Amino acid sequence: MDQGHRKTAGLTRRAFSALGCAAGLTGLMGCTDRMSPDGFMLDTAPSRQLNYPIEPYPLMYTGIRDQRYRVPAVPFQDIKPDYLRQIVHDPTTEPVGTIVIDLRAHYLYLILGDRKAMRYGIAVGPDISSWPGPCKVAYRKAWPIWYPSKTDLLQDRSLAIWKKNGRPPGLYNPYGARALFVYQGSTDTHVVIHGTREWNAIGGSIDYGSIALINQDIIDLYERSRNGARVIIVS
């Protein structure tokens, strides 16, 4: 990564068309733009909101019955407004359907087209140590089984009971209501975009998993995304 890269004066938005995820992510403090090693550039000026909100937040984050599970309501008033689901101007030039993750800002963007993007707040888990590329969403699961990663087992040996058969689906499963599994070609990267009941962790970190969204938000992303969508990480 070129740590000396700086945004050219007067340039408001740049993006390189190369596919892939960033490996060995390092924040570029003091920059208006942030760049991945493969050349992808994200305009990190504050995103202008288009619709506030898409639907009233009390409805967006209300308790819901999903399959045989009850997803409790989220106290959205206690979450920083920037991390609530909203449509913003697209800060990239990526194709529709691309998932762009800004780890430092704790945002996940789903590119909608017509210079719009759906933005979700995220929490980052310990499985995010490096990112291979190019990456894609290989498949998606509703109410997935969770298997502890090597990182999880190292920090908590009690999780070994879930190593063989996994932890069954449910609200206390670290993957929550939905999961999008990220692959490099046909190889599992063990990076997962998933739900969490820990709404108060959004904008920060979680103990287990990779990229976590509020359960209501991961259900929304699950419905809008597709298998094969590329995943880009910017530093």
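**Note on the predicted model**

1. Buried residues make up 49% of the 235 residues in the chain. The model is a predicted one. Its secondary structure consists of three helices and 15 strands. Among contacts between residues at least 6 apart in sequence, 66% join residues at least 24 apart. The points below take up individual strands, a helix, some loop residues and a pocket.

2. Strand S15 covers residues 230-234. Five of its five residues are buried, so S15 is largely enclosed by the rest of the structure. The side chains alternate in direction: Arg-230, Ile-232 and Val-234 point one way from S15, while Val-231 and Ile-233 point the other way. Residues on both sides are buried, and these include the charged residue Arg-230.

3. Which strands pair with S15? One is strand S7 (residues 99-102), which joins S15 in the parallel sense over four bridges. In this pairing Asp-102 stands opposite Val-234. Another is strand S11 (residues 135-142), which runs antiparallel to S15 and is joined to it by two bridges. Here Lys-136 is the residue opposite Arg-230.

4. Helix H3 spans residues 215-224. Eight of its 10 residues are buried, so the helix is largely enclosed by the rest of the structure. The buried residues of H3 are Asn-215, Gln-216, Asp-217, Ile-218, Ile-219, Asp-220, Leu-221 and Tyr-222.

5. Ser-225 is located in the loop between H3 and S15. Is Ser-225 buried or exposed? Its relative accessibility is 8%, so Ser-225 counts as buried, the cut-off being under 20%. The side chain of Ser-225 reaches back to the helix, where the backbone oxygen of Tyr-222 is at 3.5 Å. Leaving aside residues up to four places away in sequence, Ser-225 touches Arg-140 and Leu-180. Arg-140 belongs to S11 (residues 135-142), the strand that runs antiparallel to S15.

6. Strand S14 (residues 211-214) has a pairing with S10 in the antiparallel sense, over two bridges. Ala-123 stands opposite Ala-212 in that pairing. S14 is also joined to strand S13 (residues 187-196), by four bridges, and these two strands run parallel. In the pairing with S13, Ile-193 is opposite Ile-211.

7. Gly-125 lies in the loop between strand S10 (123-124) and S11. With a relative accessible area of 7%, Gly-125 is buried. Which residues does Gly-125 touch, not counting those up to four places away in sequence? They are Ile-206, Gly-209 and Ser-210. Gly-125 and Tyr-208 are 83 residues apart in sequence, yet their C-alpha atoms are 5.5 Å apart in space.

8. Tyr-208 also appears in the lining of the second largest pocket. The volume of this pocket is about 210 Å³. The pocket is lined by 13 residues, and those closest to its centre are Tyr-172, Asn-173, Pro-174, Glu-198 and Tyr-208. By type, the lining divides into seven nonpolar, two polar and four charged residues.

9. Two residues other than glycine deserve a check of the backbone, as each has a positive phi: for Gln-67 the value is near 55°, and for His-106 it is near 60°. Gln-67 lies in the loop between strand S4 (64-66) and strand S5 (69-71). His-106 lies in the loop between S7 and strand S8 (107-113). Their surroundings can be set side by side: Gln-67 is exposed, with a relative accessible area of 53%, whereas His-106 is buried, with a relative accessible area of 14%.

10. Gln-86 has its place in strand S6 (residues 86-89). At 3% relative accessibility, Gln-86 counts as buried. Where does a polar atom of the Gln-86 side chain find a partner? The backbone oxygen of Pro-81 lies 3.1 Å from that atom.

Technical notes:
Residues are numbered from 1 along each chain as its sequence is written. This is a predicted model: local features need pLDDT of at least 70, side-chain atom pairs count only at pLDDT 80 or more; totals for chains, interfaces and linings use all residues. Side-chain values use heavy atoms; hydrogens and water are left out. Buried means under 20% relative accessible area, exposed over 50%, partly exposed in between (1.4 Å probe, protein chains only). A polar contact is a pair of N or O atoms within 3.5 Å; within protein, one must be able to donate a hydrogen and the other to accept it, and residues adjacent in sequence count only if both atoms are side-chain atoms. On a 1 Å grid over the protein atoms alone, a cavity is a set of points where a 1.4 Å probe fits but cannot get out, and a pocket is an open set with protein on both sides within 12 Å along at least five of seven lines; lining residues have an atom within 4 Å of a point. Grid points are joined across faces, edges and corners, and a volume is the space filled by probe spheres set on the points. Two strands pair if DSSP finds at least two bridges between them. Contact means heavy atoms within 4.5 Å.
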